[in-house]
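The exercises below concern strand pairing, helix packing and two side chains. Each task is followed by a solution in steps.

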Amino acid sequence: MSTKMRYEAIHDKLSLLELNAELDQVWADLQRDDSRVSTMARNAGIDLNEVRAHKRGDVISVQYGGAGLDPKTVEILIDILVNVGTAIFMRLVEKVIVPRIQEKMGRDVLKPRE
């Protein structure tokens, strides 16, 4: 059983392909102690050893969930695939991954669905 986190994305600014590429890059950066992403994770109270014990594809997947509330947006579901440590990976998405994407591509490109 997975835990789904719902976000809205501006469909012409962030595709699933781009989101997966960003997730892979963040995961690679989390493997290095000296990366900015690792520092963000530590500051958010995330256990990097727990994160590093998993492959990204075994923990987090993304898919389209349907139309967004606005015609320019689509719903994106971020699935946390593990049952143990779910809170760690949810915090990673909320405190590290989404802010990193917003910093890179714009604050409005990906935001929690209300």
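**Exercise 1: the sheet**

β2 and β3 are joined by seven bridges and run antiparallel. The model is predicted: local features need pLDDT of at least 70 and side-chain atom pairs count only at pLDDT 80 or more, while totals for chains, interfaces and linings use all residues. Residues are numbered from 1 along each chain as its sequence is written, and side-chain values use heavy atoms, with hydrogens and water left out.

Task: state the order of the strands in the sheet and identify the strands at the edges.

Solution.
1. Helices (H or I, at least four residues) and strands (E, at least two) are DSSP runs, numbered from the N terminus. Two strands pair if DSSP finds at least two bridges between them.
2. Strand β1 (residues 3-10) pairs with strand β3 (residues 73-80) through eight bridges in the antiparallel sense.
3. β1 also runs antiparallel to strand β4 (residues 110-112), with three bridges between them.
4. The order is therefore β2-β3-β1-β4, an open sheet of four strands with antiparallel pairing.
5. β2 (60-67) and β4 are at the edges; each has a single partner strand, so one side of each has no neighbour in the sheet.
6. From one strand to the next the twist averages 35° (axes are lines fitted to C-alpha atoms, for helices over the stretch in contact, and angles run from 0 to 180 degrees between N-to-C directions).

Task: which residues stand opposite V74 of β3?

Solution.
1. From β1, A9 stands opposite V74.
2. A67 is also opposite V74.

**Exercise 2: helix α2 and its partners**

Task: describe how α2 packs against α1 and against α5.

Solution.
1. Two packed helices are described by the angle between their axes and the distance between the axes.
2. For helix α1 (residues 16-30) and helix α2 (residues 36-43), the axes come within 7 Å and cross at roughly 80°. α1 is therefore roughly perpendicular to α2 (angles under 35 degrees count as roughly parallel, over 145 as roughly antiparallel, 65 to 115 as roughly perpendicular and the rest as oblique).
3. V26, D29 and L30 of α1 make the contact (heavy atoms within 4.5 Å) with V37, S38 and A41 of α2. This contact has four nonpolar, one polar and one charged residues. Ala, Val, Leu, Ile, Met, Phe, Trp, Tyr, Cys and Pro count as nonpolar, Asp, Glu, Lys and Arg as charged, and the others, Gly among them, as polar.
4. The axes of α2 and helix α5 (residues 86-105) are 9 Å apart, at an angle of about 140°, and these two helices are therefore oblique to each other.
5. On the α5 side the contact is made by L92, K95, V96, P99, R100 and E103, and on the α2 side by R36, V37, M40 and A41. By class there are six nonpolar, no polar and four charged residues.

**Exercise 3: two side chains**

Task: are S38 and E22 buried or exposed, and which residues do they touch?

Solution.
1. S38, in helix α2, has 0% relative accessibility and so counts as buried (under 20% relative accessible area, exposed over 50%, partly exposed in between; 1.4 Å probe, protein chains only).
2. Not counting residues up to four places away in sequence, S38 touches D29, L30, R32, D33, L48 and R52.
3. E22 lies in helix α1 and is buried, because its relative accessibility is 9%.
4. Leaving aside neighbours within four places in sequence, E22 is in contact with I101 and K104.
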